[in-house]
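Subject: Handing over a structure

Hi there,

I'm passing this one on to you, and I hope you enjoy looking through it. The structure comes first, and my notes on it follow.

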Amino acid sequence: MLYVNQISFAYEEQETLHEISFSVEKGSHVSVIGESGCGKSTLLKAVYGLIDLHSGDLFWDKDQILGPAYHLIPGHPQMKYLPQEFELMPYISVRQNIEKFLSRQKAAYNQERVDELLQVIDMQAFAETHVKKLSGGQKQRVALAQVLAKEPQFLLLDEPFNFIDNFRKNKLRRDLFNFLKKKQITCLFATHDSKDMLGFSDQVLVMREGKVIAKDTPQQLYQSPPNAYVASLFDEVNVLDIRLFKKGLDSQSVLLYPHELQRSAQGHLEVQIEQSYFNGSTYMIIAKAEKNEQQILFHHPKAISPGTRISLQVDEELLKRRMGS
Ligand SMILES: Nc1ncnc2c1ncn2[C@@H]1O[C@H](COP(=O)(O)OP(=O)(O)OP(=O)(O)O)[C@@H](O)[C@H]1O
């Protein structure tokens, strides 16, 4: 189990990590999400022992993780870390690149292990290809296989899919996280993609300006976001005054994702359409509230002509829940 107790760190004057505490249970997957520059990579570096903390401490089970001032070789023997910038050996094959991370004495086992990992990263067809000839996304998949080669107990991944195209990413995410669960490998990963976090983490740490501002399951954070910042990490979000939907209430903001507003003749929110954008399964419609000119985003199965006036409604139960959050 990982224990992070009140850690703080600064590269320069301003603190990059401020009194961060959390723990990660064995076998669980925790994602770290937040806007660019909020400190996700720095947090992973701290957990791997790559920086000297200014205060607080870190433990993997009973072993304290110390920074470079105490250790020449960072990290813990049971940990592996994949940074955003990784290096591979360009003039040897994919297979050899992965084998380099295995013990030299066990040739038969190594062959089997590399085959297993090539399957996880879906690169069997490239086993004998020189890394120099691979695309950025393919290289990232090889780097993932390298950190898995000598099975770690704890894996730190910094934006592990950022070079991988959407077509591959969905399958790779499923295969990788299923593999980690099957092997009970604990994982802490930084991402800016809500899809990585929604389906594949048990807990989410939301960071902002060096602080953890929310920690919960992805379901809870998505369904009851504590503020617009958290909601905006999942999707675009409307921050609307409750009085647009209900009469006789005091002013209060409610957070609503675009798909939560429906066109309905019975709706109380009257809007004028400005623009429609094709989104695939639906259109994203941009409109303006007649009452206060506020911009409203909602989904609709078809495009709607600019200037059209329509009404929108929101499920009553949902409104109540969001008013309470
Ligand atoms: N080596 C460094 N020296 C000085 N400042 C740094 C260094 N590395 C990062 N920073 C600063 O620390 C802050 C946090 O950076 P970090 O890379 O941890 O953010 P991040 O959330 O991972 O961002 P991104 O999502 O863009 O990767 C940023 O303001 C960044 O400019």
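How do helix 3 and helix 4 lie to each other? Before the answer, two remarks on reading the model. It is a predicted model, in which local features need pLDDT of at least 70 and side-chain atom pairs count only at pLDDT 80 or more, while totals for chains, interfaces and linings use all residues. Residue numbers start from 1 along each chain as its sequence is written.

Now the helices. Helix 3 covers residues 107-120 and helix 4 residues 136-149; their axes come within 10 Å and cross at roughly 135°. (Axes are lines fitted to C-alpha atoms, for helices over the stretch in contact, and angles run from 0 to 180 degrees between N-to-C directions. Helices, H or I with at least four residues, and strands, E with at least two, are DSSP runs numbered from the N terminus.) Helix 3 and helix 4 are therefore oblique to each other; angles under 35 degrees count as roughly parallel, over 145 as roughly antiparallel, 65 to 115 as roughly perpendicular and the rest as oblique.

Helix 3 brings Arg113, Leu117, Leu118 and Val120 to the contact, and helix 4 brings Ala145, Leu148 and Ala149. Contact here means C-beta atoms, placed from the backbone, that lie within 7 Å.

Next, the sheets. Six strands make an open sheet with mixed pairing, in the order 6-7-8-3-9-10; two strands pair if DSSP finds at least two bridges between them. Strand 6 (79-82) and strand 10 (211-216) are its edges, each pairing on one side only. From one strand to the next, the twist averages 15°.

At one end of that order, strand 9 (residues 203-208) runs antiparallel to strand 10, and five bridges join them. Val204 has Asp216 of strand 10 as its bridge partner. The two strands form a hairpin with two residues between them, and Glu209 in the turn has a positive phi of about 45°.

Another open sheet has five strands in the order 13-17-14-15-16, with antiparallel pairing. Its edge strands are strand 13 (262-263) and strand 16 (295-300). Two bridges join strand 13 to strand 17 (residues 309-313), and Gln262 stands opposite Gln313.

Finally, the domains: domain 1 is 2-227 and domain 2 is 235-324, with bounds from an automatic or database domain assignment. Their centres, taken over C-alpha atoms, are separated by 38 Å.

Best wishes

Note on methods
Two residues are in contact if their C-beta atoms, placed from the backbone, lie within 7 Å.
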